[in-house]
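Reader: I am in my first year of study, and I would like a close look at a single part of this structure. Please choose the part yourself, and explain carefully how it relates to the elements around it.

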Amino acid sequence: MSATIEQIQNFKGKYPKQLWYLFFSEMWERFSFYGMRGMLVVFMVNQLMMDEKTANLQYGATQAFVYAFTFIGGLFADKILGYRKSLFWGGLLMIVGSIILAIDPKQFFFFGISFTIIGTGFFKPNISTMVGKLYKDDDNRRDAGFSLFYAGVNLGALIGGYICIAVANGNMFASFVPEHLRWNVAFGFAAIVMIISLLTFTQTQKSLGEIGLSPLNHLEPSKKRTLEIVTYVGSLVIIPIIMTMVARTEYTDYFMFVIGPASLLYLFYEMRNFSLAENKKLFAALVFIIFSIFFWAFFEQSGGSLSLFAANNLENTVAGIKLDPNGVNNSANSLFVIAFAALVGMAWLWMNKRKIEPNTVVKFGLAFIFLAGGFYVFYYTKFFADASGRTSLDLFTFGWFVITFGELCLSPIGMSAMTKLSPQKTQAVIMGMWFLASAYGQYFAGLLGANIAEASENASNLEKLNVYADGYEQLAIYALIAGVVLIAISPFVKKLMGEVK
């Protein structure tokens, strides 16, 4: 007998037990996702022999589609599949994609990646929604639940982000894995952990009661089944289209030119039916969405230009311990999030008690100032370089330490602001636009990285270091300006937000 929604939401203690099941399922899925993400650019440059500019553009295109599809996956889950079937189907596609890449990554690169893109779109938005459903709307334990869940995301990103690229680069398990199979094994890891993620979910989903079941249970079974089958078949039919669009980045440009303006027009169309106060809140949400695009465009250099910077220009020791520089670039941020997320949360509570907690807009502004600080540290690494253009991995890691506080001022707070600022009827659309902002961030990250890479073509390693570092100084300046602007306009945005803190 499965529990009713009331029984689940009336749990005793700090966390519902179902949260732990979702935590582990998400943790293994993020291991797979961040493991893959950390390998893309290095694989394209070293194995597919792309130049660094093209690899950055390809990276931006791939990641933009991943995030754009979370919007589409969320809609299909809401209307047809329900969260559980959507998650299961997404997980299966991700497993197939990773297996294809493990078999022959050079031959089937774009084919495997396309499966992973669509799979992540079905998986990612829906597991977070289910976490939200474990709580009543007014339960003040909800934030603690999401913080724990966020730690699971980062634990997966930490382990996967380090292990996959370290195996591929031959800095881990080198004595077991023959050199010609390193990339296959690294992609194989992503497949294995995704299988663990799905098994965790299927074996524990009984405990979720009716959370995430089909929204079409009121229809007759044959009609419901037809709609589901059409969704499954449709998502397979679209794979060759995604393959073409990712492989030829000019198609990604067209897609990005259309989807953002289209979602804005749709939102304005919906706004006709809302009160002035509701529309003001939606405008405030749009301010956050637009600024978050810039934040992610800089932050996501981690998978693009910073991957190449790590491969070419960083030494391989942190505090005297020998580590894979790419692995550190992929996972340092997650380690710091796990270490400091609770501390930052406690700092907000402490400030709140003393009535000095900054509002959401100022927190967003602070996020950019930390981001600027981190990129300034990346720039500063050039003053520690040796003649071969290799510089301090310690200092680079410190840059990620600074940026992490920026992420903690923006990412968890942004999501919660979206839910508070949007009327019930547009919640899915606004959440989708929040993910779309990440897609645009990834897309622009690729363009920025490509510009930096293009400037350093045919350069010596030391010249390359200088070009990359100077590029990061530019980003630091832009981030600082964005932070100052946000803090300056905060009284105005706060007015738009009405009673929302």
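**A cavity and the helices that line it**

Author: By the rule applied here, the count comes to one cavity of 30 Å³ or more, and I should say at once that the model in which it is found is a predicted one. The space that lies in this largest cavity amounts to about 80 Å³.

If you look for the residues around this space, you will find that the lining consists of F33, M36, R37, L40, T62, Q63, V66, I113, T116, I117 and T120. The elements that contribute two or more residues to that lining are α2 (17-46), α3 (52-103) and α4 (109-133). Sorted by class, the lining of the largest cavity has six nonpolar residues, four polar residues and one charged residue.

Let us now follow α2, one of these elements, a little further. Its 30 residues should span 44 Å at 1.5 Å a residue, and its end C-alpha atoms are indeed 44 Å apart, so the expected and the actual span agree. Even so, α2 has a kink of about 35°, which is centred on L40, and L40 is also among the residues that line the largest cavity. Because 24 of the 30 residues of α2 are buried, this helix is largely enclosed by the rest of the structure.

From R37, another of the lining residues, we can step across to a distant part of the sequence. R37 and G399 are 362 residues apart in sequence, while their C-alpha atoms are 20 Å apart in space. G399 is found in helix α14, and it counts as buried because its relative accessible area is 0%, where the cut-off for that word is under 20%.

Helix α14 itself runs over residues 393-421, which makes 29 residues, and the distance from its first C-alpha to its last is 41 Å, close to the 42 Å expected at 1.5 Å a residue. At G414, α14 bends by about 35°. The N-terminal end of α14 is capped by S392, from which a side-chain oxygen lies 3.2 Å from the backbone nitrogen of D394.

To set beside these two helices, take α9, whose 23 residues (249-271) reach 34 Å from the first C-alpha to the last, close to the 33 Å expected at 1.5 Å a residue. Among the buried residues of α9 are F255, M256, I259, G260 and L267.

How values were computed
Residues numbered from 1 in each chain as written. Predicted model: local features only at pLDDT ≥ 70, side-chain atom pairs only at ≥ 80, totals over all residues. Heavy atoms only, no water. Helix = DSSP H or I, 4+ residues; strand = E, 2+ residues; numbered from the N terminus. Expected span 1.5 Å × (residues − 1). Bend = angle between axes of the 7 residues up to and from the residue. Polar contact = N/O pair within 3.5 Å; in protein donor to acceptor, adjacent residues only side chain to side chain. 1 Å grid on protein atoms, 1.4 Å probe; cavity = no way out; pocket = protein on both sides within 12 Å on 5 of 7 lines; lining within 4 Å. Points joined across faces, edges and corners; volume = space filled by probe spheres on them. Nonpolar A, V, L, I, M, F, W, Y, C, P; charged D, E, K, R; others polar. Buried < 20%, exposed > 50% of the residue type's maximum accessible area, 1.4 Å probe, protein only.
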